[in-house]
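Let's take a walk through this protein together. Have the picture ready and follow along as we go.

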Amino acid sequence: MRISTRNISEYIKGHENEYYIEYYLKEGSVVLSRSTLLLVPEKHFAFKKPKLKAVISGEGKRFSITLSSNVFVKDLEIGFDGVDVVFEDNYIDLCSEAPVKINFSVLGAEQTSFYLKDALELFSIYDLL
């Protein structure tokens, strides 16, 4: 296990509301867990309006959604209007460099990726500001 520490204060001084820290836990090449840490309270962070991209693949009751953004997105909530689903994780953070793939299952009737794309609802902290 490798844990790194680094003093970054000289690089971010005066810009604490623009930077965040991303950290993750990997086993080999597999990312087991990831998260982000803001350097200021959320109400003081300078969130930018995201341009979100979502690609849904799968069929029947088993799907995945790959999400990406042009800017950092905190606490992105994923949902579908009128469709009950079970996500691996439905609240995520997106860093502009790294798309995130989430698997999910549809409850009830089988669906198509085209229908799910139309029913997709995405909300983040930016939408609350």
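**A pocket and a sheet**

Start by finding Ser33, Arg34, Asp89, Ile92 and Val100: of the 17 residues that line the second largest pocket, these lie nearest its centre. Keep in mind that you're looking at a predicted model. The space you've just found has a volume of about 330 Å³.

So what kinds of residues make up the lining of this pocket? It's a mix: 8 are nonpolar, 3 are polar and 6 are charged.

Now, which strand gives the most to that lining? That's S2, with 6 residues. You'll find strand S2 at residues 30-38. S2 has company, too: S7 and strand S8 (100-106) also supply at least two residues each to the lining of the second largest pocket.

Let's follow S7 away from the pocket, since S7 also belongs to a sheet. This is an open sheet built from 3 strands, and if you read across, the order is S7-S5-S9. The pairing here is antiparallel. On the edges sit strand S7 (91-94) and strand S9 (120-123), and each of these pairs on one side only. Don't expect the strands to line up perfectly: neighbouring strands of this sheet are turned by 35° against each other on average, direction ignored.

Finally, zoom in on how S7 is joined to strand S5, which covers residues 73-80. How many bridges join the two? There are 3, and the strands run antiparallel. For a concrete example, look at Val73: its bridge partner in S7 is Leu94.

That brings us back to S7, an edge strand of the sheet that also supplies at least two residues of the pocket's lining.

Terms used. Residues are numbered from 1 along each chain as its sequence is written. This is a predicted model: local features need pLDDT of at least 70, side-chain atom pairs count only at pLDDT 80 or more; totals for chains, interfaces and linings use all residues. Side-chain values use heavy atoms; hydrogens and water are left out. Two strands pair if DSSP finds at least two bridges between them. Helices (H or I, at least four residues) and strands (E, at least two) are DSSP runs, numbered from the N terminus. Axes are lines fitted to C-alpha atoms, for helices over the stretch in contact, and angles run from 0 to 180 degrees between N-to-C directions. On a 1 Å grid over the protein atoms alone, a cavity is a set of points where a 1.4 Å probe fits but cannot get out, and a pocket is an open set with protein on both sides within 12 Å along at least five of seven lines; lining residues have an atom within 4 Å of a point. Grid points are joined across faces, edges and corners, and a volume is the space filled by probe spheres set on the points. Ala, Val, Leu, Ile, Met, Phe, Trp, Tyr, Cys and Pro count as nonpolar, Asp, Glu, Lys and Arg as charged, and the others, Gly among them, as polar.
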